[in-house]
Amino acid sequence: MPELPEVEVVRRGLERWVSGRTIDAVEVRHPRSIRRHTAGAADFAARLKGLRIGAARRRGKYLWLPVTGGGPASQTAAEGITPMVTPSVTHGLAILAHLGMSGQLLVQPEGAPDEKHLRIRVRFADELGTELRFVDQRTFGGLSLHDTVPGAADHLPDVIAHIARDPLDPAFDDAAFHDALRRRRTTIKRALLDQTLISGVGNIYADEALWRSRLHYERPTATFTRPRTAELLGHVRDVMNAALAVGGTSFDSLYVNVNGESGYFERSLDAYGREDEPCRRCGTPIRRRPWMNRSSYFCPRCQRPPRG
């Protein structure tokens with residue numbers, strides 16, 4: 001599944017090309033893609049018509065678009081210029097996007113041929129000539145409309161209020177994370193993938209951050225000191241920022257930005273996917289071990305397993 005850098009790349013594209021625009025019509029082409037909107041496809045389309053999209057938001061791997069009642073389009077949109085400044089939005093409703101294994105949010109010219117796995121189309125009430133498409137080969141993802149948490153500055157959908165802030169969020173509390181890490185009494189990779197503790201970190205970036213930190217994935221969280229936690233968080237942020245700089249990690253054509261372009265961070269991975277290749281620090285072959293129906297990649301010399 002896409003992790004924080006991939007979702008953030010999509011969020012930035014949506015903010016540039018979609019935020020500030022008013023929805024004219026919604027076409028749902030596959031019911032599974034709106035299954036989380038329990039009122040059904042007709043209700044989903046009817047409730048969105050005439051609503052204006054606010055600034056695209058993200059928490060961890062979750063992406064949403066706040067929406068408000070319709071009104072006059074912004075001056076830039078009326079002039080045919082992509083709106084770069086988004087009007088303020090009060091709490092109320094938000095379109096939550098769950099990308100799943102293969103979901104893509106693409107901004108396409110209105111006349112472009114439909115993608116084979118096009119599931120939802122959103123048309124806008126302006127003259128920009130582009131539309132938003134949700135494309136999903138495996139139909140594990142989807143869009144849904146939700147109430148937002150009253151008073152939440154980021155217009156957080158209520159269904160994801162339990163998701164922790166991510167390490168790139170300015171409001172992320174490093175000290176509170178350390179205290180929660182110590183109380184959790186688990187192992188470090190399990191903790192990094194716990195979205196109620198820290199969001200946005202998945203299998204790829206957990207392995208990368210642990211390699212940079214010289215930590216084995218089974219290291220008990222109870223052994224972490226504050227300096228060690230701070231060092232690990234620093235590496236988590238570094239690897240995510242590095243991935244963001246090149247558009248995220250795309251192992252296949254499924255993970256793309258809103259213009260359909262792949263990311264290139266897989267070329268810079270130090271651990272993940274490099275089984276039997278030499279460690280970039282010490283030359284020891286990278287190993288892969290089955291882990292929670294996934295795989296963990298690590299250097300057996302740089303990341304020694306905990307004793308006992």
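This report walks through the fold, cores, cavities and a few individual residues of a predicted model.

## The chain overall

Let's start with the broad strokes. The protein chain has 308 residues, and 52% of them are buried. Its secondary structure comes to seven helices and eleven strands. Take the contacts between residues at least 6 apart in sequence: 67% of these join residues at least 24 apart.

On the outside, the chain exposes about 13,900 Å². Carbon and sulfur atoms account for 49% of that exposed area.

## Two nonpolar cores

In soluble globular proteins, nonpolar side chains tend to be buried together. Here, the largest nonpolar core has 29 residues, and the members that touch the most others are Leu192 and Leu232. Helix 4, helix 5, helix 6 and helix 7 are the elements that each give two or more residues to this core. Helix 7 gives the largest share, with six residues.

It's worth clicking on Leu232 to see who sits around it. Setting aside neighbours within four places in sequence, Leu232 contacts Ile188, Leu192, Ala209, Leu210, Ser213, Leu215 and Phe224. Apart from this core there is another one, of 28 residues, and its members include Ala45, Leu65, Val67 and Leu99.

## The largest cavity

Searching the whole structure turns up four cavities of 30 Å³ or more. The largest of them holds about 90 Å³ of space. It is lined by 13 residues, with Leu65, Ile95, Leu105, Leu132 and Leu143 closest to the centre. Leu65 has already come up, as a member of the 28-residue core.

What classes of residue make up the lining of this largest cavity? There are 13 nonpolar residues, with no polar and no charged ones. Strand 4 (62-68) and strand 5 (93-98) each put at least two residues into the lining, and strand 4 has the largest share, at three residues.

## The second largest pocket

Now for an open site. The second largest pocket contains about 260 Å³ of space. Its lining has 14 residues, and those nearest the centre are Arg58, Asp166, Leu168, Asp169 and Pro170. Two elements, helix 1 (4-17) and strand 3 (57-59), give two or more residues to this lining.

By class, this pocket is lined by ten charged and four nonpolar residues, and no polar ones.

## Helix 4 and the loop after it

Ala180 sits in helix 4 (residues 174-184). Is Ala180 buried or exposed? Its relative accessibility is 11%, so Ala180 counts as buried, the cut-off being under 20%. Leu197 is 17 residues away from Ala180 in sequence, and their C-alpha atoms are 7.3 Å apart in space.

Arg185 lies in the loop between helix 4 and helix 5 (188-192). With a relative accessibility of 65%, Arg185 counts as exposed, because the threshold for that is over 50%.

## Two arginines with positive phi

Most residues other than glycine have a negative phi. Arg185 goes the other way: its phi is positive, near 50°. Arg214 also has a positive phi, of about 60°, without being a glycine.

Like Arg185, Arg214 is a loop residue. The loop that holds Arg214 runs between helix 6 (203-213) and helix 7 (226-245). Arg214 has 48% relative accessibility and therefore counts as partly exposed.

Conventions. Residues are numbered from 1 along each chain as its sequence is written. This is a predicted model: local features need pLDDT of at least 70, side-chain atom pairs count only at pLDDT 80 or more; totals for chains, interfaces and linings use all residues. Side-chain values use heavy atoms; hydrogens and water are left out. On a 1 Å grid over the protein atoms alone, a cavity is a set of points where a 1.4 Å probe fits but cannot get out, and a pocket is an open set with protein on both sides within 12 Å along at least five of seven lines; lining residues have an atom within 4 Å of a point. Grid points are joined across faces, edges and corners, and a volume is the space filled by probe spheres set on the points. Helices (H or I, at least four residues) and strands (E, at least two) are DSSP runs, numbered from the N terminus. Ala, Val, Leu, Ile, Met, Phe, Trp, Tyr, Cys and Pro count as nonpolar, Asp, Glu, Lys and Arg as charged, and the others, Gly among them, as polar. Buried means under 20% relative accessible area, exposed over 50%, partly exposed in between (1.4 Å probe, protein chains only). Contact means heavy atoms within 4.5 Å. Accessible areas come from the Shrake-Rupley method with a 1.4 Å probe; for residues, only the protein chains shown count as cover. A nonpolar core is a set of buried Ala, Val, Leu, Ile, Met, Phe, Trp, Tyr and Cys residues joined through side-chain atoms within 4.5 Å.
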